[in-house]
There are 2 protein chains.
Amino acid sequence: MTSVRVAGVGLTQFGRHPDRTGRDLFAEAALTAREDAGVPRQDIEALHYGNFMGALAEHQAHQGPLVAEAAGLTCPATRYEQACASAGVAARQAIKDVRNGEADVVLVGGMERMTNLETAEVTESLAIAADELYEVRAGITFPGAYALMAQAYFSQFGGEREDLAHIAAKNHHNAVNNEFAQYQREISVEQALDSPPVAEPLHLFDACPITDGASALVLVSDEYAEEHDIDAPVAITGTGQGGDKMALQDRDHLAQTPAATKAAEEAYADSGRSPEEIDVAEVHDCFTIAEVLALESLGFYEPGEGIGAARRGETTRDGDRPINLSGGLKAKGHPVGATGGSQLVEMTRLLRGDHPNSDVVADAEIGLTHNAGGTVASAVVHVLEVVN
Amino acid sequence: MTSVRVAGVGLTQFGRHPDRTGRDLFAEAALTAREDAGVPRQDIEALHYGNFMGALAEHQAHQGPLVAEAAGLTCPATRYEQACASAGVAARQAIKDVRNGEADVVLVGGMERMTNLETAEVTESLAIAADELYEVRAGITFPGAYALMAQAYFSQFGGEREDLAHIAAKNHHNAVNNEFAQYQREISVEQALDSPPVAEPLHLFDACPITDGASALVLVSDEYAEEHDIDAPVAITGTGQGGDKMALQDRDHLAQTPAATKAAEEAYADSGRSPEEIDVAEVHDCFTIAEVLALESLGFYEPGEGIGAARRGETTRDGDRPINLSGGLKAKGHPVGATGGSQLVEMTRLLRGDHPNSDVVADAEIGLTHNAGGTVASAVVHVLEVVN
């Protein structure tokens, strides 16, 4: 089986882009990735693209061919929608196609425009990732859903708001020198604790922001990389996907995310790696509690042990296994359909040594990304490794 | 490489289902397919699912895990959105996964609810498959877009409304004994000609209806079929996908659909078959003119020759290569996200001999399906063959 190499990566600035269209944002990320790879556009055989709420934000579906054209491509282009894991599932299919010889060169990524909607509209639009019949009509939106998960966690395992505040402060600290991050500034634990309540125990600074942005990666087979003398030291060696019941009420447990556990187990088996071998990870911290649930589902911590990881300094820059050195969704921003691709971009740069935070993990050789949809009714996990 | 077998198929009645949810419709099709296959649900490793406008029709995205749960599945479930080719691209990825050993048993299909919206809302919702900036804001909806294509065809190659009326009459005639069809009734060429104008030269009976419905197929590797003694005489031996510029104004030609040509060329090469070998086909006749463009893109006719095929009796039941024996989108109905899967279901039944119209093509061994998105900015073609 062919090894799948990351030949090039691209991001737009994450934040507000009121004067730009979605296709324009994706074209920028795609062009950057293609230039980084040094791959001519006619060599790209397929685009696998994630977008979540384009039907509501831009009255635009069928975005595959639309953004392919904007990026100067004439290849087949497919859109995937999996809530916040849209680009994650797009990347997964692209990876499988390359390693199985279906294609030698593919472009993957995603895009979301969100800030052109009013805040109330964004909250309503995001709610289409939950169960309309059994959650949304009962009044659930995502801050409320994750608050329920946090309450359940505190109730079963213990923990307190200050534990979560340490996660927010850590991720903001990591974002300070990430030029693509929406919030390149510190917040203190005290500021997080004092921020306005949204849905207890979650306050404003426990939540990721509303973001416009795009991400793109060029993936190639190792044969193509060798033949074209492309420097692509990072390979994607494992992929996994898991699913769960959609509505929280149908789950066995509110404080565990078995979809992510299944995705991780598959990705570990696929790559032949174990949780202990992962040097660094980007996880889906749409809310601070989500980072805790991710750490435990990925096998980094036993259930109930992840809550104190940031506070104890184990997942900070100085810790044994830094988490979300990009700033995470919390501080880098969360353009929903782009996030799964963005995590792969950040991890590639961290591992190949050209990320502003690469020096923090100078010896890192194995990284992991964890991308979740909704209240983790979907999860996609990838393992990346330095291979030469 | 493993041969990909169709182990089981399922459809709901196509038509109006005002009292049912989308998840309920898909669950019915999935259960039927699973029972037809005789595959236990725990053996299904992944769901690849197409849906187009759920965000607007049911305020529901993230439908992968939602419909998987409704169908009694706990496997990873991915949603694809490619306008009217949503289930086509879903099936394509599923096929690649099975033949490459990524999975032995997968469920594919799609679902759309449309009739719960007002007619004007449906037209607006369907328009998200066109280019919002350069087509929709200028007033284009799909009847208008296909009318432009028909005008361009008539202008370049000749042809007249009566040629199109023969296509409508043919497809209605085929649907009469299809128990899943929305319109199980004849229309005459005269009725089609006399139907109210929508966008000249297209009249009401040149257009497919608004439809609720779902489709599902169980695909298995031939090793799995053999090991579990599953009767699966039909294999999917070729898959192809093509893309084009999104907006009609950017195309080189309004009366040709090169995305479908590319998809067909890839599917022919993949299966080792040629257009001449195809015994029977289901093509994407969202409007009568679309059937003509399909026949020419698939290599069944030279440009300008497809327009008279139905009128000459070459694509009718008695013709050399019957087209749309299901009734096509025109008479069977077009629940957008389900259609690509429905075409595969119909073709499987035609080839394995249990379709009401199987006797029309009793000797047929090779079939083709053609599924198009928007004004064919996307196209997916599959080749199916009787293999034992």
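## Two chains related by an axis

In this predicted model, chain A is superposed on chain B by a rotation of 180° with 0.0 Å of shift along its axis, and the RMSD is 0.0 Å. In general, two copies of a chain are related by a rotation about an axis and a shift along it. The rotation of 180° found here, with its shift of 0.0 Å, is therefore the relation of a two-fold axis. Within chain A, the C-alpha nearest to this axis belongs to Tyr80(A), and it lies 2.4 Å from the axis. The interface fits this arrangement into the picture: 100% of the interface residues of chain A are also interface residues in chain B, so the copies meet through the same surface.

### Annotated domains of chain A

UniProt, in an unreviewed entry, places the feature "domain: Thiolase N-terminal" at residues 8-222 of chain A. The end C-alpha atoms of that span lie 13 Å apart, and the span is 43% helix and 17% strand. The same kind of record, again an unreviewed UniProt entry, places "domain: Thiolase C-terminal" at residues 240-385 of chain A. For residues 240-385 of chain A, the end C-alpha atoms are 15 Å apart, with 32% of the span in helix and 16% in strand.

### Two helices of chain A

Helix α3 of chain A covers residues 63-70, and because six of its eight residues are buried, this helix is largely enclosed by the rest of the structure. The buried residues in α3(A) are Gln63(A), Gly64(A), Pro65(A), Leu66(A), Val67(A) and Ala68(A). Just after α3(A) comes Gly72(A), which takes a positive phi of about 80°.

Helix α1 of chain A, which covers residues 22-37, contains Thr32(A). Is Thr32(A) buried or exposed, or does its value fall in between? Its relative accessibility is 33%, so Thr32(A) counts as partly exposed. The side chain of Thr32(A) reaches the backbone oxygen of Glu28(A) at 2.8 Å. When its neighbours within four places in sequence are left aside, Thr32(A) is in contact with Val9(A) and Gly10(A). Although Thr32(A) and Gly10(A) are 22 residues apart along the chain, their C-alpha atoms are separated by 4.7 Å.

### The nonpolar core and the cysteines

The largest nonpolar core has 131 residues, and those with the most contacts inside it are Tyr146, Ile289 and Phe300 of chain A together with Tyr146, Ile289 and Phe300 of chain B. Not counting residues up to four places away in sequence, Tyr146(A) touches several residues, including Leu202(A), Cys286(A), Phe287(A) and Ile289(A). Cys286(A), one of these partners of Tyr146(A), has a relative accessible area of 5% and is therefore buried.

How many disulfides does a search of the whole structure find? The search finds zero disulfides over all chains. Cys286(A) is in no disulfide, and the nearest cysteine sulfur, that of Cys208(A), is 6.0 Å away. In chain B, Cys208(B) is likewise in no disulfide, with the sulfur of Cys286(B) as the nearest cysteine sulfur at 6.0 Å. A disulfide requires a pair of cysteine sulfur atoms within 2.5 Å, so a cut-off of this kind explains why such pairs are not counted. Cys208(B) counts as buried, because its relative accessibility is 17%.

### Three buried residues of chain B

The table sets out where three residues of chain B are found and how accessible they are.

| Residue | Location in chain B | Relative accessible area |
|---|---|---|
| Ser342(B) | helix α14 (residues 336-352) | 4% |
| Arg20(B) | loop between β1 (4-11) and α1 (22-37) | 18% |
| His172(B) | helix α8 (residues 161-175) | 3% |

In the following contacts, residues up to four places away in sequence are not counted. Ser342(B) touches Leu11(B), Phe14(B), Ser215(B) and Lys332(B). His172(B) touches Tyr183(B), Arg185(B), Glu186(B), Ile187(B), Lys330(B) and Ala331(B). Of these partners of His172(B), Lys330(B) is 158 residues away along the chain, yet the two C-alpha atoms are separated by 7.3 Å.

Arg20(B) is in contact with Leu25(B), Glu28(B) and Arg113(B), its neighbours within four places in sequence being left aside. In addition, the side chain of Arg20(B) makes a polar contact with the side chain of Asp24(B), at 2.7 Å.

Notes
Residues numbered from 1 in each chain as written. Chains lettered and ligands numbered in written order. Predicted model: local features only at pLDDT ≥ 70, side-chain atom pairs only at ≥ 80, totals over all residues. Heavy atoms only, no water. UniProt positions renumbered as here; feature names shortened; annotations may be inferred. Helix = DSSP H or I, 4+ residues; strand = E, 2+ residues; numbered from the N terminus. Buried < 20%, exposed > 50% of the residue type's maximum accessible area, 1.4 Å probe, protein only. Least-squares fit on C-alpha atoms with pLDDT ≥ 70 in both. Contact = heavy atoms within 4.5 Å. Polar contact = N/O pair within 3.5 Å; in protein donor to acceptor, adjacent residues only side chain to side chain. Core = buried A, V, L, I, M, F, W, Y, C linked by side-chain atoms within 4.5 Å.
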